[in-house]
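Here are my notes on the model you sent over, written as numbered points so you can follow along in the viewer. I hope they help you find your way around.

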Amino acid sequence: MSAQKNQATKIHSGPRNSIDDRLGDEARFIRRWLENPRLAGAITPSGRFLARAMAHCVDPAGDGPIIELGPGTGPVTQALIARGVAPERLVLVEYEPSFCHLLAKKFPRAKIVRGDAYRLRDTLADHIEDRPAAIVSSLPLLTKPEVARLSLLRQAFDLMGTDGRFIQFTYGVKSPVPAHVGGSLHFKTQSLAPIWLNLPPARIFVYRHVDCPHAVEMPPDMIDKLLQQSRRFGLEIRGEFEEARARLAPNASKANISKSRHS
Ligand SMILES: C[S@@+](CC[C@H](N)C(=O)[O-])C[C@H]1O[C@@H](n2cnc3c(N)ncnc32)[C@H](O)[C@@H]1O
């Protein structure tokens, strides 16, 4: 098996943030959600399994910029970098200014563009020179009318050409972008297995241009590997819970430890 194939099937666990970072991101996200739920689209950032699965749809070895739409506090960005995408290839389009500041601090080598992703052509006009290889979107598409979603995909494929792929997650079961409009097919749509280890569970859709010659391939063992990791993930969560409890209620935690020693 070639080195490249090995890389494509490997699921990186990715760098793990400290518990403080993660709680900070959750708090920021909830604040933004309370201010504008339609813009935030979710009450918490995407979990690691969803972020990793999104990143897995991108070829890290390719050329051209990778555009991320709605990066928020950056879980998918981090997963893309862990997958091997060079940070210099990343162009992050985010509407919310406070997220832009945070992203600039977390990912100093990526390009941060504050703007409206639904006006993609204009928003990216002064920021990219080459054709993007892929667009990875966490935009809450279902809060927008269908015509706006279709316009976004049209702009995306105008920018990427026929080889590009548009990767989107949704909490719905159906594709958030209809492939058939007025009887004519615009995009090829592939739906991947649901990511149950996310709250709420999510599904990833990969769109390609109708003239794209390449099939979108997910490594067949990917979901198995994700499930295998779920056990480890459960243990990690327990460890983190204990750590948080020890910090928030040190006496209760000591009492528990000594209780467990004596039992
Ligand atoms: C569901 S959150 C996803 C955040 C992050 N990628 C994650 O997975 O946790 C949607 C993000 O899209 C951003 N967003 C919403 N509408 C946007 C728009 N028109 N242009 C750019 N970003 C937008 C929100 O500010 C938010 O950060």
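1. Let's begin at the end of a helix. Glycine 84 sits just after α5 and adopts a positive phi of about 115 degrees. Please keep in mind that this is a predicted model.

2. The helix before that glycine deserves a look too. Helix α5 covers residues 75-83 and is mostly covered, with 8 of its 9 residues buried. Those buried residues are Pro75, Val76, Thr77, Gln78, Ala79, Leu80, Ile81 and Arg83. They pack against α4, β1, β2 and β4, the last of these being residues 134-137.

3. Now for the overall inventory. The protein contains 10 helices and 9 strands. Of its 263 residues, 35% count as buried. Taking contacts between residues at least 6 apart in sequence, 68% join residues at least 24 apart.

4. The sheet is a good way to get oriented. It is an open sheet of 7 strands in the order β3-β2-β1-β4-β5-β9-β8, and the pairing is mixed. Its edge strands, each pairing on one side only, are β3 (111-114) and β8 (187-191). From one strand to the next, the twist averages 20 degrees. Helix α6 (residues 97-106) packs on this sheet, where it touches β2 and β3, and its direction makes about 175 degrees with that of β3.

5. Both senses of pairing can be seen if you step through the strands. As general background, strands of a sheet pair through backbone hydrogen bonds, either parallel or antiparallel. Strands β1 (residues 66-69) and β2 (residues 90-94) are parallel, with 4 bridges between them; isoleucine 66 has leucine 90 in β2 as its bridge partner. Strand β5 (residues 165-170) pairs with β9 in the antiparallel sense over 6 bridges, and there phenylalanine 169 has isoleucine 204 as its bridge partner. Strands β8 and β9 also run antiparallel, joined by 5 bridges, with glutamine 190 opposite valine 206 of β9.

6. How many residues of strand β9 are buried? The count is 7 of the 7 in residues 203-209, so the strand is largely enclosed by the rest of the structure. Arg203, Phe205, Tyr207 and His209 point one way from β9, while Ile204, Val206 and Arg208 point the other way, and all are buried. You will notice that arginine and histidine appear among these buried residues.

7. Helix α4 (48-56) is another enclosed element. Because 9 of its 9 residues are buried, α4 is largely enclosed by the rest of the structure. The residues concerned are Arg48, Phe49, Leu50, Ala51, Arg52, Ala53, Met54, Ala55 and His56. One of them, phenylalanine 49, counts as buried because it has 21 C-beta neighbours inside 10 Å. Phenylalanine 49 also lies 6.8 Å from asparagine 198, C-alpha to C-alpha, although 149 residues separate them in sequence.

8. Which residues touch the most other members of the largest nonpolar core? In this set of 51 residues they are Met54, Val58, Ile66, Leu80, Val136 and Ile167. Helix α4 gives the core its largest share, 6 residues. Leaving aside residues up to four places away in sequence, valine 136 touches Met54, Val58, Ile66, Glu68, Val76, Leu80 and Ile167.

9. Cysteine 57 may catch a biochemist's eye. It lies in the loop between α4 and β1. Is cysteine 57 buried or exposed? It counts as buried because it has 23 C-beta neighbours inside 10 Å. Not counting residues up to four places away in sequence, cysteine 57 touches Arg165, Ile167, Ile204 and Val206. Leucine 192 is 135 residues from cysteine 57 in sequence, and 10.0 Å from it in space, C-alpha to C-alpha.

10. Finally, the ligand. There are 23 residues around it, and Pro45, Ser46, Gly70, Gly72 and Ser138 come nearest. By type, the shell divides into 15 nonpolar, 5 polar and 3 charged residues. Helix α3 (37-40), helix α5 and strand β2 each supply at least two residues of this shell. That brings us back to α5, the mostly covered helix that glycine 84 follows.

Terms used
Residues are numbered from 1 along each chain as its sequence is written. This is a predicted model: local features need pLDDT of at least 70, side-chain atom pairs count only at pLDDT 80 or more; totals for chains, interfaces and linings use all residues. Two strands pair if DSSP finds at least two bridges between them. Axes are lines fitted to C-alpha atoms, for helices over the stretch in contact, and angles run from 0 to 180 degrees between N-to-C directions. Two residues are in contact if their C-beta atoms, placed from the backbone, lie within 7 Å. A residue is near a molecule or strand if its C-beta atom, placed from the backbone, lies within 6 Å of it. Ala, Val, Leu, Ile, Met, Phe, Trp, Tyr, Cys and Pro count as nonpolar, Asp, Glu, Lys and Arg as charged, and the others, Gly among them, as polar. A residue is buried if 20 or more other C-beta atoms lie within 10 Å of its own, exposed if 12 or fewer, and partly exposed in between; C-beta atoms are placed from the backbone. A nonpolar core is a set of buried Ala, Val, Leu, Ile, Met, Phe, Trp, Tyr and Cys residues joined through C-beta atoms within 7 Å.
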